[in-house]
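Thank you all for coming. I would like to take a few minutes to walk through one structure, moving from a single residue outwards to strands, charges and cysteines.

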Amino acid sequence: MTAQTAPFRADTVGSFLRPAAIKNAREQYAAGQIDKAALTRIEDEAIRDVVSKQIANGLQVVTDGEFRRAWWHFDFFGGLEGVELFEADQGIQFNGVQTKAHGVRVVGKLGFRDHPMLEHFRFLQSVAGDAVPKMTIPSPSVLHFRGGRKVIDETVYPDLAAYFDDLAETYKTAIKAFYDAGCRYLQLDDTVWAYLCSEDQKRQIRERGDDPEQLAQTYARVLNKALEGKPADLTVGLHVCRGNFRSTWISEGGYEPVAEILFGGVNIDAFFLEYDNERSGGFEPLRFIKPGHQKVVLGLVTTKNGELEDPAQVKARLQEAAKFVSLDQICLSPQCGFASTEEGNSLSEEQQWAKIRLVVDIAGQVW
């Protein structure tokens, strides 16, 4: 497998199971038993360890495992100007399980400045060695979708058009800030596009007074505005996720309903797509992936359980996908992170690393 620029033939979505040292330290910090400096030292050591394990298991790309976060999205949103976290009436309902009851709302003009995750990236870069450090943050559409109009202060944004303009500009500023910090590989994590593929989720969207097709147009426009002027040597990926909490999920349905506008119309360098079970649909929507530079990273190896996939079957699926998009534009990864929240999925650390080695081994044989 020859070296290449991001995305890599063997790539990852980003989060890893939190080690006991992290879980214990965060509990101690919450209880007031250790201070922030002590927590940071423990996080630093755990991140050094997870980076070395990623490299030892064959990856050319490394993340910090999202070890400093409780959630894949709320921690980032809470650091934006004009945004606050709050205790919601109920959590997010997954298939048979519900998350902790947290929410996010917009209470002032959106902006990005002095965000703590810039320093998180700088630390990752300092311990990455020869590997490429990748930063993961939630996609802009996620900030709007979950609560919609009701969690955006109408005195601040009486007109949602102004809100979406500021959202795009906030992300444009964030992208530049991470680039200036040295980031050359940034990933936006997005559950919303998968919801727009789900008939049940689209029904719920209509019931709250929104139009799924109109939302797709709006979110595509926000993403493209945020990406305007992106440096040529910065790779930005978009992970389309169907939900991942304690090995459960939210949405189902193939990518066809959004394929043309998303793959054909959003100026992302790489799409990370979940293809680990029948809920993901077929590969036909990949026909909209633009020829040439754009890549698609197929999540054919599940993170929801520890059972290893048959390499022959994974290779066969890669060849099947290559009927719709050039094999040269395809990469391989696990279907999602291993711990989108600090609770983590239902598999062991040993099984997690076996999944990573499987992706690396298959990629080495195919490419």
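Let me begin with P138, which touches W72, H73, F76, F77, Y171, L188 and D189 when residues up to four places away in sequence are not counted, contact meaning heavy atoms within 4.5 Å. Before I go further, I should say that this is a predicted model, in which local features need pLDDT of at least 70 and side-chain atom pairs count only at pLDDT 80 or more, whereas totals for chains, interfaces and linings use all residues. Residues are numbered from 1 along each chain as its sequence is written, and side-chain values use heavy atoms, with hydrogens and water left out.

Returning to P138, this residue is found in strand β5, where helices (H or I, at least four residues) and strands (E, at least two) are DSSP runs numbered from the N terminus. With a relative accessible area of 0%, P138 is buried; here buried means under 20% relative accessible area, exposed means over 50%, and partly exposed lies in between, using a 1.4 Å probe and protein chains only. One of its contacts, F77, is 61 residues away from P138 in sequence, yet the two C-alpha atoms are 8.0 Å apart in space.

Now to strand β8, which covers residues 270–274 and has five of its five residues buried, so that the strand is largely enclosed by the rest of the structure. In a regular strand the side chains alternate between the two faces of the sheet. In β8, A270, F272 and E274 point one way while F271 and L273 point the other way, and all of them are buried.

Which strands does β8 pair with? On one hand there is strand β7 (residues 235–240), which pairs with β8 in the parallel sense over four bridges, and on the other there is strand β9 (residues 295–301), which pairs with β8, also in the parallel sense, over five bridges. Pairing here requires that DSSP finds at least two bridges between the two strands. To place this in the sequence, L238 has F271 of β8 as its bridge partner, and F272 has V297 of β9 as its bridge partner.

Let me turn to the charged side chains, where a search of the whole structure finds 22 salt bridges, each being a side-chain nitrogen of Lys or Arg within 4 Å of a carboxyl oxygen of Asp or Glu. One of them joins the side chains of D11 and K134, at 3.2 Å from N to O. Because D11 lies in the segment before α1 and K134 in the loop between β4 (132–133) and β5 (135–138), this pair ties together parts that are 123 residues apart in sequence. D11 counts as buried at 0% relative accessibility, and K134 counts as buried at 1%.

A second example brings us back to the approach to β8: D269 forms a salt bridge with K230, with the closest N and O atoms 3.1 Å apart. That pair links distant parts of the chain, since D269 sits in the loop between α10 (256–265) and β8, K230 sits in the loop between α9 (212–227) and β7, and the two are 39 residues apart. D269 is buried, with a relative accessible area of 8%. Salt bridges also link R26, E43, D44 and R68 in a network.

What, then, of R18, in the segment before α1 (20–30)? R18 is buried yet has no salt bridge, and the nearest side chain of opposite charge, E66, is 4.9 Å away, with Lys and Arg counted as positive, Asp and Glu as negative, and His and the chain ends not counted. The side chain of R18 does reach the backbone oxygen of F16 at 3.2 Å, and a polar atom of that side chain lies 3.0 Å from the backbone oxygen of E66. A polar contact is a pair of N or O atoms within 3.5 Å; within protein, one must be able to donate a hydrogen and the other to accept it, and residues adjacent in sequence count only if both atoms are side-chain atoms.

Last, the cysteines: the structure holds zero disulfides, a disulfide being a pair of cysteine sulfur atoms within 2.5 Å. For C183, which is in no disulfide, the nearest cysteine sulfur is that of C331, 17 Å away. C336 is likewise in no disulfide, and the nearest cysteine sulfur, that of C241, is 3.8 Å away. C183 is buried at 0% relative accessible area, and C336 is buried at 3%.
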